[in-house]
Structures are given as C-alpha cells and as structure tokens.
Amino acid sequence: MKRKTNLKVFIMSIVMALIFVIVSANIFIVAVFGYHLNSGTDIKAEINGIQDVTNILYGERGLILDKNGAVLAHDVTAYLLSANIDPDRVGANGEPAHIVDKEEGARIISEIINKPYDDVLGILNSDAKQVEFGFEGKAISASQKEQLENSGLKGLGFQEVLTRVYPGRDFASKLIGYTGYDDETESIKGMMGLEGKYNDYLTGVDGYESYQQDRDGYKLRSVEVRKRDSKNGKNIKLTLDTNIQYQLEDSLKGIVNDPNVKASAAWGIVVEAKTGRVLGWGEYPGLDPDNPNNTYEDGVSQWTYEPGSTMKTFSVASAIDTGKWDDAETFYSGAFYVGDSDGKAVRLSDPDNAIHTITNAGEINYGSIPYDYGYAISSNVMIAELMTNKLDYNVYMEYLRKLKFFSPLETEGISGYAGDSGADDVSVLGTITNAFGQGMTVTMAQMAQAYTSVMGDGSVIQPYFIDSITDPVTNEVLFQGQTKNLGAVYKPETAQHMRDLMRLVVTKGSARRFDIPEIEVIGKTGTAQMVVDGVYSPTQYIFSSALGFPYDDPEVIVYTAYIANYGHDVDYSAVHVNKVVKTAVNSLSLGQEKGNEVVTEVKPVKVDNYVNINANTAAETLKGKGMNPIIIGNGTQVISQFPTYGYEMITGERIMLYTGGTEITMPDMTGWSYKEVTSFWSLTGVSVEITGFGFTTTQSIPAGTVLTQDSVISVNLQ
C-alpha cells in the first residue's frame, strides 16, 4: 500500500515538474519573443497593436493623347462614397459613428454628389447597415470628398479609387468613348468607343505592398516588405488635331443651336487627303461621359443615310473616266419625265406616260446649259440625262464598289457600317436616283474616304485615327498607324478634271457660300430628303458639304452634314463650317491668299532635349532662341519638358520645363492654348477642368498660388 502511495506521489511530482517547465518556457518565450505557446497568440503584437497591412498599388489606365501629346483622357484619384446607417455603431468616445438625421444627411449628400434627394433618402432608409450611392457615388472627386468631410456628417466612408477624366468632355466623345466602374473587377473598364475597343491595351496591372505596422501606423523596419510594382496601361496617341477638333465640335454645336438653322443633329470629319490621317471627328449632340445610360452609335462611321447630291461627284467622275463626259455639251434642264423602255430609263417629251418626274431643286428650269454648269448648280436633270444617255448604270455601280462604298470602313477601333447600294431590286427610276444620292445609304466616313480619290491622283486613301500605341515605360511602339492606299479608281487626269469642276461649284455654283478669302476651296453640296419611319419626310432633309483645300493640291477634306427643315437659309450653317476650314488653314500653316501665293513663310525650329540640364540654364538658352520658357516646380534640373525633343516650334511659343521639387506654383495661363493647359496637367499631375476652345481667358486659381495634388484648376478658353 505504501508502494502505491509513493508511486502516486512520484508520478504527480513528474507531472508538476513538466507543468512547471511548460509554464516557465511559455513565460520565457512570451517575455523574450512575445508569443504565447498555448493559445498561439502573438502577445507582443497584441500589446503593440501590430497588424498585417496590404496596400494596393494601382496601375493607372493608359493616356489617350492628341497628335501633339495633349492629354485627352487620363486617370485621377477619386473616392468610393459609403455611409454607415447602423444605429448601434458608435465611436470610441461614445458619439454616433453613423448618420443620425437621414433627412439632413440626404440633403447634404444629394447636393454635393448631384444625385436626386429622394434617391439618396431612399438609400439611407434601407435595411442595410452600410450603403453606397450608385453611379454618382462610385468616383467622387477630392473636392467633393472635402465638402462632405467639412459638412460634419458622421458615418461617411471614403475608399480611394482611380477614375477616368476627359479634360475636353465633349471632345471627340463618340470616338474616344468612356469608361465605367466594373463591379466584378472593382476597377474602371472601357465601355464604348476606343476606351472599350482598346481596353486590354489601356488597362494597367495593379501591384501591392504588404508589411506589418504598429498601433500608431508605423511600419516595422525589422519585418520584410513584400511588394509587386504596378504597371500602367499603354498610351494611345491619336491623329486628332486639338485646335481643329475643338472648332469642329463648336461648329457642329453652332449649327444645331443657330436660330437660323435649328438643326436637330450635326456630324463631321476632317481628314488629310493624301495620308488619311483624321484631324477631326465629331457629332452633336455627343456622348456624355457622366451618363451611365448612354447608348452608342458613332455618327461618322455607323449612322447610314442617303447622301444626296454629294454623290454626284462620283457619277460625273465615272463618266469622265470612261470618256462619256463633255464639259461644253449642253442639255435641256427643264422637267425630266422618266419613262420605261424595256426596263431601261428614257426621257419622255411629256408627263402622260411618265413613271416619275425629276426636276432641279426648287423646280427651276435653267434652259439649255452645259454639263459642267449643270454639275456646278447640282442639277438633278443633268444626272438624269447622264444616266439615261451616257453612263451605264452597272459601270457606275462598279466604280462605287471600287470606291469602297457598301463595304464597312474598317479603320482602327470602330467598325463602320456597310450601307446599302439599293441594287438588289433596283427600279428603272433607281438607276437615275442612285446617281444623285437617293435610294442608297452610306456613312460619312465612306464619303470622306471616297473623296480622297478626286482630291489626289485617283486612288482611295483609307482614313485612320490612331497614330500609335506605346509602352509608357520603355517607349516601345506596339502599333504604328500608317497610310493605306486601297487602290486606284480614277485616272490622275480624271481626278484633276473633277477638282476643276469642284472649284466651279464654289465660284459659280451651289457652294458659293464656302468661297473664303483665306484659301481657295473646292467643294460639292448635297441635299437629301430624310427617311423617317420608312418614308421620305416632307420637311426634314439632310444638308451636307464636301470641301477640299487648297484647290491646286488639296491637303485637307472637311465633310459635314446636319438634319434640318427644308427652307432654312443654308448660308448661316456655312458660317460655322467655314470656321473649321479657317482653323485647319491656320493650324496646318496653309495660310494663303487666292492664287495660292503664300502670305508668310514660317520656318519652324526643332526643340532640343533639356532633360537633366539646369533649369535656369535651359531657360536662358531657350530665350536666346526666341522661345518662351516656363519653369514649373522648384527643383534645380529639368525632369521633363513639353514639347518634347524633336518637336517643331515657332518663335515665341511656350515650352514647359518641369523640375519637380516640393512646390508647384500656379502660373498665369492667360493666352495659353488647350494643348499647353493639358500639357501642364500631364507634367504636374494637377487636374484641370477645361471649358470652351481657343485660348485661356480666366482661371479659377490665381497665379502664384502653391498647388497640391488635390487642387483642381478650372480654366475657360475662348
């Protein structure tokens, strides 16, 4: 019995010893390492508030730029707004950490984020504990965040996100498109236009940084930092010329808003005749990047319509090319009574057996006139004579196919529509009306493309609007736009003959409203009844014009169209179109007097590379060359510059030298162009909101003010 007792005591002694060892070891490990063996708790971490932190390093979306590098679309920091409405949520001091007065909260939030009060109140009255505010709350600006924070409203949350900003808002809005917040990826994504088509190129890759920090938010230096760098998306540089694009946008808007025109819609394209580079591409009304309910159809490349008399250029060119045209030959321009002779259209002497009557606009009879004048005044009767007595319809249609009508214009980014030749079931009447642009449908992009044939040597040049796609880090060019010759359609002498006839249209014919002193313009006008719900409207027409300049060797094509009621004074719309022509003349240094004599000869100077050079030295060097240097930042050396190395500048132009440093001071932007304002934005990262076009007249932040990354500069251009 005593043995058993001794054994029991011995075993208990061993157990107690083991317990002592374990407890002692635990105390030692806790004391030295801060780790509790039994619970697995990191005591030191608990005491010091140590926690693992992972920050997302956002990969910015690539820039979209104009041909000179002005920023058209880029990312800025924004905030996802949320609100806690849980009545049990309180702060450390016992005060409410939620929205208490929902009516007052709805009033404040709705006014700042521009969301209807009733919608905001409905969200705040939901059963959830935390809510968000839909489209308007997904990417609020730093300014809106500051207003909400200063409102005193409790329970608001702000998650930092990136959002897309378009400095020009309406600038080529249908072409560029827009982005939206993708809930699945929790990031912005291209939805329409180039933003959507080239989303994979533009999208950046997020990185991360993981580390431990103490309760005061200090990073622990003894702990390894795990990091993966972010990668920004690729930059897309367009062929668009900012000055021309802005004037095109303003002119289209002017045509719609002009009380003497009252157009319901207007669209246009400006393209280099020899290269196909698109300098302007727009429509009004355009695409609102802030509207989540946008529907997309690009007016220039995807809206099909009957072109009207601008198609007569190709009827006449086809007749010239086949030897069926004589400028001086005359025809009778009175009413043309269309008859049917074994399925072929003929001219009847009276209307008794006619299937249709074709007249000139306004039913004007000019008597017997030569064919060239018939084209100049856009005579429908001339085309009827041409198609019944000279040019075979099938030959004409073959020319149209060579001009790439009825095939989608496959330029980068936006797939155009093919249009309809009307040839599947063409009637006797259709063999005539198709030749003056009724009964067939086209897109404006197809028309501009076809006009390159008569502006040059007879070959069709495909328009394109992406100059390049580039890696912003390596500067590797991933895609390079280039001129595409789609083949010869007309002989060079045919194209020259057409240019002579188109000059006659401007000097003596239907396009005299486009005859301006700055440059010799050639052109053709068009008027077509608009099809509404399958029938021709008695009131609504599509008015268009195809212009080229300079006459002797066209460099630029300006093609515009608009929908308005018949009977308005077309001279008023021409005022707006002529502004586009004049802007292109100035922007491309085509300034000439009639007779094509250059008024002034401008000799541009190539910009040198001033990066890594002392800023003051660089500025003095530039002043010596007649340039106007602007130093940005308070650093000592030039980090980056605009324009960049190799760019051609004119004496007196501004060149920006960015030096970085701790302060960026607001410059006096009076007189700055759109390109210069957006260049300042691109160099510094300070956001700029731009209204208007032309040159800066006012700015919201006075010159000399020290800017921050949260600053937003508003400028007005006129």
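A residue counts as buried here when its relative accessible area is under 20%. With that cut-off, 48% of the 718 residues of the chain are buried in this predicted model.

**Figure 1. An overview of the chain, with its 20 helices and 36 strands.** Take contacts between residues at least 6 apart in sequence: 68% of them join residues at least 24 apart. The close-ups that follow visit a few of the places where such elements come together.

**Figure 2. Phenylalanine 314 and phenylalanine 405 meet edge-to-face.** A search of the whole structure gives 18 aromatic pairs. In the one shown here, the ring centres are 5.8 Å apart and the planes stand at 65 degrees to each other. Phenylalanine 314 belongs to helix α11 (residues 312–321), while phenylalanine 405 sits in the loop between α14 (393–402) and α15 (430–433), so the pair ties together parts that are 91 residues apart in sequence. Phenylalanine 314 is buried, at a relative accessible area of 0%, and phenylalanine 405 is buried too, at 1%. Both rings are members of one aromatic cluster, together with Phe406, Tyr451 and Tyr559.

**Figure 3. A look into the largest nonpolar core, which has 148 residues.** Which residues have the most contacts inside this core? They are Phe314, Trp325, Tyr396, Leu400, Phe405, Tyr451 and Phe549. If you zoom in on phenylalanine 405 and set aside residues up to four places away in sequence, you find it touching Met311, Phe314, Leu400, Val442, Gln446, Met447 and Ala450. Another core, of 21 residues, lies apart from the largest one, and includes Ile108, Leu124, Val131 and Phe133. As a general background, nonpolar side chains in soluble globular proteins tend to be buried together.

**Figure 4. Tryptophan 672 and phenylalanine 680 form an edge-to-face pair.** Their centres are 6.2 Å apart, with 65 degrees between the planes. Are these two residues buried or exposed? Tryptophan 672 and phenylalanine 680 are both buried.

**Figure 5. Two lysines place their charged ends over aromatic rings.** In one view, the charged end of lysine 145 is 5.5 Å from the centre of the phenylalanine 158 ring. In the other, lysine 524 sits over tyrosine 375, with its charged end 5.8 Å from the ring centre.

**Figure 6. Strands β11 and β12 run antiparallel and are joined by six bridges.** Strand β11 covers residues 265–272, and strand β12 covers residues 278–284. One of the partnerships to look for is tryptophan 267 with glutamate 283 of β12. Five residues lie between the strands of this hairpin, and there glycine 276 has a positive phi, near 85 degrees. Why is β12 described as largely enclosed by the rest of the structure? Because six of its seven residues are buried.

**Figure 7. Helix α19 (residues 615–624) has a buried side and a face turned away from it.** The buried residues of α19 are Ala615, Ala618, Ala619 and Leu622. Around the axis they cover an arc of only 100 degrees, so they are on the same side of α19. Such a pattern is easy to read along a helix: an α-helix has 3.6 residues a turn, so residues three or four places apart point the same way. Covering the buried residues of α19 are elements including β28 (628–633) and β31 (654–660). The face turned away from the buried side carries exposed Asn616, Glu620 and Gly624. After α19 comes glycine 626, with a positive phi near 85 degrees.

Key: Residues are numbered from 1 along each chain as its sequence is written. This is a predicted model: local features need pLDDT of at least 70, side-chain atom pairs count only at pLDDT 80 or more; totals for chains, interfaces and linings use all residues. Side-chain values use heavy atoms; hydrogens and water are left out. Rings of Phe, Tyr and Trp (its six-membered ring) pair if their centres lie within 6.5 Å; planes under 30 degrees apart count as stacked, over 60 as edge-to-face and the rest as tilted. Helices (H or I, at least four residues) and strands (E, at least two) are DSSP runs, numbered from the N terminus. Buried means under 20% relative accessible area, exposed over 50%, partly exposed in between (1.4 Å probe, protein chains only). A charge sits over a ring if NZ of Lys or CZ of Arg is within 6 Å of the ring centre and within 35 degrees of the ring normal. Two strands pair if DSSP finds at least two bridges between them. The arc is that of the directions from the helix axis to the C-beta atoms. Contact means heavy atoms within 4.5 Å. A nonpolar core is a set of buried Ala, Val, Leu, Ile, Met, Phe, Trp, Tyr and Cys residues joined through side-chain atoms within 4.5 Å.
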